[in-house]
Amino acid sequence: MREILDLLNKNYEITNAFSLSIMDVIVLTITLAIAYTVLKLFKKFVNRKLQPENELKVRSIFSYLSWIIYVVIFLVTMNKMGVNLTALFAASAALLIGVGLALQTLFQDIISGVFIMIDKSVRAGDIIELEGKVGRVEEIKLRTTRAVTLNNKVLIIPNHLYLTNSLYNWTQNGNTTRESVKVGVAYGSDVQLVKELLIKAAKSHPSVLVSPPVSVLFEDFGDSSLNFKVVFTLADSFKAQFPQSDIRFEIDRLFREHKISIPFPQRDLHIYSNAQELVK
């Protein structure tokens, strides 16, 4: 009998903690609506003062701050209306534990997003490579990061992947990057002429920057070719594949013009015949 009474008393306390009148709901709704309007106006005011390249960065930060402000306003308003938040949290502790286990990945994404914003390893506008996929970061949200690939496809990246995978940030040190094109020429070719033609092909492209200058590396003596790499600098690494393709076309044209051949792998096949075995 005592256990039943204790259970009823406990349920009464929890009900008291959760009890809300219609007026309380109206006040809470109005408070959140006012907060939403004020934040929206503040965001517009801030965006007017920003440079276009900084808008994406501020949008990500503002998204996190908005969620924090909404939660704080909700808790403060509930407390002002006399809701016992301590009893509310205590009553929902078991439920929160179960939900927390079920939503572990979600919480991991949110925490990872906070770390990203704090250490600034990734910011809006950066070009990143993750798990073989390359995209320009458009927005860092509470749980995911939105990026756009070169093919204009939207890439949704869960934030926890930043902590569990190697991330390549192409623009962490600036928008300019060093790119390259590799080519092999036949043995016996004039290597100095090859170097001059490779530099000429790279310099002819309008997207290649003058500084730092174009350079050529003689990489190795291959099985069937002399291997070279021409290195150049681009201002927009996100679209590097297009200048690289144009430079390859120009290299092929110059090599044909100067009688420099690009070999293909060759293999010699030796067949040994045993006459005695054939007779048998």
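Relative accessible area sorts residues into three classes: buried means under 20%, exposed over 50%, and partly exposed in between (1.4 Å probe, protein chains only). The exercises below apply this and similar rules to a predicted model, in which local features need pLDDT of at least 70, side-chain atom pairs count only at pLDDT 80 or more, and totals for chains, interfaces and linings use all residues. Residues are numbered from 1 along each chain as its sequence is written, and side-chain values use heavy atoms, with hydrogens and water left out.

**Exercise 1. State how many helices and strands the protein has, and what share of its residues is buried.**

Step 1. Helices (H or I, at least four residues) and strands (E, at least two) are DSSP runs, numbered from the N terminus. The protein has 10 helices and 8 strands.

Step 2. The protein has 280 residues, of which 30% count as buried.

Step 3. A contact requires heavy atoms within 4.5 Å. Among contacts between residues at least 6 apart in sequence, 67% join residues at least 24 apart.

Step 4. Accessible areas come from the Shrake-Rupley method with a 1.4 Å probe; for residues, only the protein chains shown count as cover. The accessible surface of the protein comes to about 19,200 Å², and carbon and sulfur atoms hold 60% of this area.

**Exercise 2. Classify the ring pair of F218 and F221, and then the ring pair of F218 and F228.**

Step 1. A pair of aromatic rings is described by the distance of the centres and the angle of the planes. Rings of Phe, Tyr and Trp (its six-membered ring) pair if their centres lie within 6.5 Å; planes under 30 degrees apart count as stacked, over 60 as edge-to-face and the rest as tilted. By this rule there are 2 aromatic pairs.

Step 2. The ring centres of F218 and F221 are 5.2 Å apart and the planes stand at 50 degrees, so this pair is tilted.

Step 3. For F218 and F228 the centres are 4.5 Å apart and the planes at 25 degrees, so this pair is stacked. The stacked pair links distant parts of the chain, since F218 belongs to strand β7 (residues 215-221) and F228 to strand β8 (residues 226-234), 10 residues apart.

Step 4. Ring pairs thus link F218, F221 and F228 into a cluster. Within this cluster, F221 is exposed because its relative accessibility is 57%. F218, at 37%, is partly exposed, whereas F228, at 3%, is buried.

**Exercise 3. Describe where S225 lies and what its side chain meets.**

Step 1. S225 is in the loop between β7 and β8. Its relative accessible area is 12%, so S225 is buried.

Step 2. A polar contact is a pair of N or O atoms within 3.5 Å; within protein, one must be able to donate a hydrogen and the other to accept it, and residues adjacent in sequence count only if both atoms are side-chain atoms. The side chains of S225 and N227 are joined by such a contact of 2.8 Å.

Step 3. Leaving aside neighbours within four places in sequence, S225 is in contact with G184, V185, Y187, D220 and P263.

**Exercise 4. Find which residue forms a salt bridge with E219, and which with R256.**

Step 1. Side chains of opposite charge can pair when their charged atoms come close. A salt bridge is a side-chain nitrogen of Lys or Arg within 4 Å of a carboxyl oxygen of Asp or Glu. The structure holds 4 salt bridges.

Step 2. E219 pairs with K229, the closest N and O atoms being 3.6 Å apart. This pair links distant parts of the chain: E219 is in strand β7 and K229 in strand β8, 10 residues apart. E219 is partly exposed at 37% relative accessibility, and K229 is buried at 19%.

Step 3. R256 pairs with D252, with the closest N and O atoms 2.9 Å apart. Because R256 and D252 are 4 residues apart in helix α9 (residues 241-257), about one helical turn separates them. R256 is exposed at 61%, while D252 is partly exposed at 31%.

Step 4. E257 and R253 also meet in a salt bridge (3.1 Å, N to O). E250, R253 and E257 are linked in a network of salt bridges.
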